[in-house]
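Colleague: I would like a close look at one part of this protein, taken residue by residue and then outward to what surrounds it. Please start from a single side chain and explain the terms as you go.

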Amino acid sequence: MNILAVIGLGNIAKRHRQNLKTLYPQANVIALSASGRVANQPIEFADLVLSNINELIDYKPELVIIASPASLHETHATTLMTHNIPILIEKPLAAEPESAERILALAQSHNSPVMVGYCLRYLSSAIVIKQLLLEDLIGKIYNCSAVVGQYLPDWRPNKHYSKSVSAQKSLGGGALLELSHELDYLYWLLGPLKLNYAQLRTTNELALEVEEIADLILTSQQGTVCYIHMDFIQKQAQRECTFIGTKGRLHWDLVANTIRHYSSEGTQLLYSQPEWNKNQMYLNMVTEFVSHIQHKQHTNTSLIDAHQTIRLIAKIKQQAEWGVTQ
């Protein structure tokens, strides 16, 4: 890997540039403004800063990470795929299902290596929880409850929350798209999910134009009933998931990086790595994608999964009950 690039100048783009420098210290890392603006300050971990994607094409990058707002993913991905440049797209795949559909179709027609960056699949405890479910530790799964919440004003302290991508409908904001990791990892663990009920809410506290709270009930093809809660309003971050089965219960805390097993024989801590560096998720994700590129394995599994997630979100928004919490 000699020439790599990251589109976007935000926090996640900075993380990716730094990680590329860590993984490939001899490579030149190019930063590209997502909006085409000229950066008026130094950009960290970048050997070159560009404002035009056509200039980037001229450098023939071997991998480009798209970390622009979701509403711009299709534009950037289309240009890169037509030049057969491998791309890793930060989640979500797109802001709208039609856009996600076009990205998928183009990737398949060009046989372009494309990956969608749902990093929680690379969390160390996620790999363990998937194996435990495959081993049928708790038997048939009756119920699943996934909860995620974090106070939006705390996400990016250097910017007012109302000006962030997460808060703006036109850029692909809202709890469903920003916190879509839960929909992705449950698809990964349980398979396709059918929507039964959805309620979306805003609050007077944040007063956003997008949903700040989402409560969903879905069912897997095996009959598992899943409750999912997402919000922008919790003052202390929470991210956890519980599976209830015929032989016991598993509680997975993604923040603490722990897994506990509850059964008739008592409680057992099966996994605990609270000090595990969460940045390793992003490193592992990029490393796996580079391996696919180098071995010419043009798998689009994560792209197909991410496309299904966008379709599900569109259905949720279409069928949900809306309200305002006073």
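Modeller: I start with Ile217, which counts as partly exposed because its relative accessibility is 34%; buried means under 20% relative accessible area, exposed means over 50%, and partly exposed is what lies in between, with a 1.4 Å probe and protein chains only. The model is predicted, so local features need pLDDT of at least 70 and side-chain atom pairs count only at pLDDT 80 or more, while totals for chains, interfaces and linings use all residues. Residues are numbered from 1 along each chain as its sequence is written, and side-chain values use heavy atoms, with hydrogens and water left out.

Ile217 sits in strand S9, residues 213-220. Strands (E, at least two residues) and helices (H or I, at least four) are DSSP runs, numbered from the N terminus. Most of S9 is covered, with six of its eight residues buried. Ile217 itself belongs to a nonpolar surface patch with Tyr197, Val225 and Tyr227, and together they have about 300 Å² of accessible area. Such a patch takes residues with over 30% relative accessible area and no salt bridge, and joins nonpolar side chains (Val, Leu, Ile, Met, Phe, Trp, Tyr) within 5 Å, or like charges within 9 Å. The areas come from the Shrake-Rupley method with a 1.4 Å probe, and for residues only the protein chains shown count as cover.

S9 has a partner on either hand. Strand S8 (residues 193-203) runs antiparallel to S9 and is joined to it by eight bridges; two strands pair if DSSP finds at least two bridges between them. In this pairing Leu193 has Ser220 of S9 as its bridge partner. Strand S10 (residues 225-231) is also antiparallel to S9, over seven bridges, and here Ala214 stands opposite Met230. S9 and S10 form a hairpin with four residues between the strands, where Gly223 takes a positive phi near 95 degrees.

These strands belong to an open sheet of nine, in the order S14-S13-S12-S11-S7-S10-S9-S8-S15, with mixed pairing. S14 and strand S15 (321-325) are the edge strands, each pairing on one side only. From one strand to the next the twist averages 15 degrees; axes are lines fitted to C-alpha atoms, for helices over the stretch in contact, and angles run from 0 to 180 degrees between N-to-C directions.

Towards the S14 end of that order, strand S12 (residues 248-253) and strand S13 (residues 258-263) are antiparallel and share five bridges. His251 stands opposite Arg260 of S13 there. Helix H5 (residues 124-134) packs on the sheet and touches strand S7 (141-149), strand S11 (238-245), S12, S13 and S14, with its direction at about 165 degrees to that of S12; contact means heavy atoms within 4.5 Å. Helix H9 (residues 301-319) packs on the sheet as well, touching S8, S9 and S15, and its direction makes about 60 degrees with that of S8. H9 is therefore the helix listed here as touching the strand that holds Ile217.

On S14 (residues 266-272), Gln268 is a useful residue to look at. Gln268 counts as partly exposed because its relative accessible area is 46%. Leaving out residues up to four places away in sequence, Gln268 touches Ile259, Arg260 and His261. Leu250 is 18 residues from Gln268 in sequence and 9.7 Å from it in space, C-alpha to C-alpha.

Back at H9, a salt bridge can be followed out of the helix. Arg121 and Asp305 form it, with their closest N and O atoms 3.0 Å apart; the rule asks for a side-chain nitrogen of Lys or Arg within 4 Å of a carboxyl oxygen of Asp or Glu. The pair links distant parts of the chain, Arg121 being in the loop between S6 and H5 and Asp305 in H9, 184 residues apart. Arg121 counts as buried because its relative accessibility is 14%. Asp305 is likewise buried, because its value is 11%. By this rule the count of salt bridges comes to ten.
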